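Ready to find your way around a new protein? Grab the viewer and try each task before you read its solution.

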Amino acid sequence: RDPSIREVDGNWFGTEVTGSSIGIVGLGRIGLEIARRARAFDMKVFYYNRRRRPAEEEESVGATYCGELVDLLGRVDFVVLMVPGGKGTLGLIGWEQLCAMKETAYLVNVSRGTVVDQDALVKALNEKKIAGAALDVTNPEPLPRDHPLLAMDNVIVTPHVGSATYTTRKKMFEMCLENLDAALQGKDLPNRL
């Protein structure tokens with residue numbers, strides 16, 4: 001220990017998830033699993049989806065539907081993106097959406113890098129429009145080593161490894177084998193994207 005240190009920098013403290021709120025953008029199969037886990041932390045669960053989920057699914061995870069994305073963004077502590085990539089979600093989160101979030105909120109992107117306008121995200125983080133971001137996906141992947149997101153203290157970037165566990169990869173391999181077997185037999189693929 002250094003006896004000359006008289007203060008502790010509070011920047012290493014985290015944010016409590018228990019009792020906070022989460023907004024899941026894209027409540028599909030994986031989004032529902034995230035909601036189940038959030039419930040275990042006594043989080044208030046909100047979601048935005050192209051189509052509202054059946055009432056029994058909402059009730060099973062205690063989720064509240066937000067008919068407009070901006071309604072979700074302004075009320076939650078953590079925004080988790082779980083939408084597919086493509087034209088319909090390209091730049092879904094831009095400057096306007098980031099400014100609609102709470103200044104204390106975090107953006108978590110585990111969907112596709114193209115869903116977030118990264119220039120807008122850098123600006124929002126620099127101007128403290130949001131508290132931080134956790135990105136398992138970027139555009140491009142990987143980011144250039146000199147990209148500003150990689151130098152920010154309030155950003156975590158992982159190289160698209162959110163599903164990198166032995167169990168998950170084994171299941172993915174088994175699904176590939178099931179699809180291959182079905183295709184060779186001229187049957188419908190059991191695991192379509």
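Here come four exercises on this predicted model, each with a worked solution.

**Exercise 1: Get the overall layout**

Work out how many helices and strands the chain has, and in what pattern they follow each other.

*Solution.* Start by counting: there are six helices and seven strands. Next, read along the sequence, and you get β-α-β-α-β-α-β-α-β-α-β-β-α. Now for the dimensions: the C-alpha atoms fill a box of roughly 70 × 40 × 35 Å along the principal axes. Of the 193 residues, 33% count as buried. Finally, take the contacts between residues at least 6 apart in sequence: 57% of them join residues at least 24 apart.

**Exercise 2: Sort the sides of helix α1**

Find out which residues of α1 are buried and what they pack against.

*Solution.* First, locate the helix: α1 covers residues 29–40, which is 12 residues. From first C-alpha to last it reaches 17 Å, close to the 16 Å expected at 1.5 Å a residue. Then pick out the buried residues of α1, namely Gly-31, Leu-32, Ala-35 and Ala-38. Because they cover an arc of only 115° around the axis, they sit on the same side of α1. Follow that side outwards and you'll see the buried residues packing against β1 (21–25), β2 (44–48) and α2 (55–61). Flip to the face turned away from the buried side, and there are the exposed residues Arg-29, Arg-37 and Ala-40. Last step: carry on past the helix to Asp-42, which follows α1 and has a positive phi, near 60°.

**Exercise 3: Place Gly-94**

Decide whether Gly-94 is buried or exposed, and find which residues it touches beyond its sequence neighbours.

*Solution.* Begin with the location: Gly-94 is in the loop between β4 (78–81) and α4 (95–100). Its relative accessibility is 8%, and buried means under 20%, so Gly-94 counts as buried. Now skip residues up to four places away in sequence, and Gly-94 touches Asp-117 and Ala-120. To finish, check the distance to Ala-120: the two are 26 residues apart in sequence, yet 5.7 Å apart in space, C-alpha to C-alpha.

**Exercise 4: Look into a pocket**

Describe the second largest pocket: what is its volume, and which residues are closest to its centre?

*Solution.* Volume comes first, at about 190 Å³ for the second largest pocket. Of the 12 residues that line this pocket, the closest to its centre are Thr-138, Pro-142, Leu-143, Val-157 and Pro-159. Then sort the lining by class: six residues are nonpolar, three are polar and three are charged.

Definitions and conventions. Residues numbered from 1 in each chain as written. Predicted model: local features only at pLDDT ≥ 70, side-chain atom pairs only at ≥ 80, totals over all residues. Heavy atoms only, no water. 1 Å grid on protein atoms, 1.4 Å probe; cavity = no way out; pocket = protein on both sides within 12 Å on 5 of 7 lines; lining within 4 Å. Points joined across faces, edges and corners; volume = space filled by probe spheres on them. Nonpolar A, V, L, I, M, F, W, Y, C, P; charged D, E, K, R; others polar. Helix = DSSP H or I, 4+ residues; strand = E, 2+ residues; numbered from the N terminus. Expected span 1.5 Å × (residues − 1). Buried < 20%, exposed > 50% of the residue type's maximum accessible area, 1.4 Å probe, protein only. Arc of directions from axis to C-beta. Contact = heavy atoms within 4.5 Å.
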